[in-house]
Amino acid sequence: MYADRYSKVKGLNALLGIVSTPLAAPVIAATRLRKGPSNSARGAAAFVAETIRTARACGASGLLVMRADSAFYSADVVNSCRALGARFSITVRMNASVKAAIARIDEDAWTPIKYPKAVWDEEGRCWISDAEIAETGYTAFTSKPKKQQVTAHLIVRRVKRLSAEAVPAGQGTLFDAWRYHAAFTDSPLSLNDAERDHRRHAVVEQVIADVKNSAFAHAPSGHFQANAAWLALAALAHNLTRAAGALAGTFHARATTATIRDHLINVPARLACSARRFTLHLPERWPWNTDFTQLFSIVHAPPAL
């Protein structure tokens, strides 16, 4: 186990590259284990490239957008996406140039949006359900050589700051009434769709929580290579469980791996043997009988010629 330099709490720091679509549950395309003191962006460009190549090898031929949080906001990551024909949508840090770009957005350019579900705001300690969005042109990484600088869109979402006590010290008048969240993207989608699509980068947090609550919770400690191997096995188990859910039916295709294990793997059935034939007796009025039978039939079907 390795200590994180910020919290001083020992833990495993796993990076996961997730491939997902609006219609399918996410699967893990790449994994990497890092020591706690390591920066999240260390080797990020190579990790992103590996994930994109895997997605392409799996048949992803349409629009491919790499979504990530601000830890991956770097020229190397963006240029790695472009070199492989993928788009990017990355949360940006609120530095001086980003704040200046936001300040230049005309007040009439803001478009109100409403979230389908309320979101808990940790900083304001309240539920929020509406916001406004706008976009502006922005050139990132201006401290880099000209060939590494990237010009694209800055999509900005702002929510009302409801509590005066929540205003961080030293942020100035720009933040008196609103809190701003920006993403740097070259997505071809419309403003509303691009902003909604960017917020889906949180799907990786759900997968990480899912993995840590299952196979990765039992990772060996003390040996980095052993933990890295265990992470790869945990990702494999996660993807196989997802595949089982997809074969079982519509409900389990998007269920968590914990739900799939409870419904389709930890089956409350009785095994009987007669004349050297095994028979699986499923519970009476078991709600997942149809899904389990469908999965079982597909898995044990003879190979297609």
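Helices (H or I, at least four residues) and strands (E, at least two) are DSSP runs, numbered from the N terminus. The structure described here is a predicted model, in which local features need pLDDT of at least 70 and side-chain atom pairs count only at pLDDT 80 or more, while totals for chains, interfaces and linings use all residues. Residues are numbered from 1 along each chain as its sequence is written, and side-chain values use heavy atoms, with hydrogens and water left out.

A good place to begin is with the open and closed spaces. On a 1 Å grid over the protein atoms alone, a pocket is an open set of points with protein on both sides within 12 Å along at least five of seven lines, whereas a cavity is a set of points where a 1.4 Å probe fits but cannot get out; lining residues have an atom within 4 Å of a point. Grid points are joined across faces, edges and corners, and a volume is the space filled by probe spheres set on the points. The second largest pocket has a volume of about 1,000 Å³. It is lined by 40 residues, and the closest of these to its centre are Ile-18, Met-66, Arg-67, Ala-68 and Val-204. Strand 3 gives the most to this lining, with nine residues. At least two residues each come from strand 3, helix 1 (44-57), strand 5 (65-68) and helix 5. Sorted by class, the lining of the second largest pocket holds 24 nonpolar, nine polar and seven charged residues. Here Ala, Val, Leu, Ile, Met, Phe, Trp, Tyr, Cys and Pro count as nonpolar, Asp, Glu, Lys and Arg as charged, and the others, Gly among them, as polar.

Turning to closed spaces, the structure holds two cavities of 30 Å³ or more. The second largest cavity encloses about 30 Å³ of space. Its lining is made up of Ala-14, Leu-16, Ile-208, Val-211, Lys-212, Phe-216 and Leu-231. Two or more of the lining residues come from each of strand 3 (13-21) and helix 5 (203-212), and helix 5 gives the most, with three residues. Six nonpolar residues, one charged residue and no polar ones make up this lining.

The aromatic rings come next. Rings of Phe, Tyr and Trp (its six-membered ring) pair if their centres lie within 6.5 Å; planes under 30 degrees apart count as stacked, over 60 as edge-to-face and the rest as tilted. Nine aromatic pairs are found in the structure. In one of these, Phe-88 and Phe-184 are tilted, at 5.4 Å centre to centre and with 40° between the planes. Phe-88 belongs to strand 6 (residues 87-91) and Phe-184 to strand 10 (residues 178-185), so this pair ties together parts that are 96 residues apart in sequence. Both Phe-88 and Phe-184 are buried, where buried means under 20% relative accessible area, exposed over 50%, and partly exposed in between (1.4 Å probe, protein chains only). Through ring pairs, Phe-88 and Phe-184 join Tyr-73, Tyr-138 and Phe-141 in a cluster.

Arg-158 offers another kind of contact with rings. A charge sits over a ring if NZ of Lys or CZ of Arg is within 6 Å of the ring centre and within 35 degrees of the ring normal. The charged end of Arg-158 sits over the ring of Trp-178, 3.9 Å from its centre, and Arg-158 also lies over the face of Trp-110, at 4.2 Å from the ring centre.

Helix 4 (residues 191-199) has Leu-191, Ala-194, Glu-195, Asp-197 and His-198 buried. They cover an arc of only 165° around the axis, which puts them on the same side of helix 4; the arc is that of the directions from the helix axis to the C-beta atoms. An α-helix has 3.6 residues a turn, so residues three or four places apart point the same way. In the loop between helix 4 and helix 5 lies Arg-200, which is partly exposed at 28% relative accessible area.

Finally, the backbone deserves a look. Most residues other than glycine have a negative phi. Ala-275, however, has a positive phi near 55°, and Arg-276 has a positive phi of about 65°. Ala-275 lies in the loop between strand 11 (270-274) and strand 12 (277-281), as does Arg-276. Ala-275 is exposed, at 72% relative accessibility, and Arg-276 is exposed too, with a relative accessible area of 82%.
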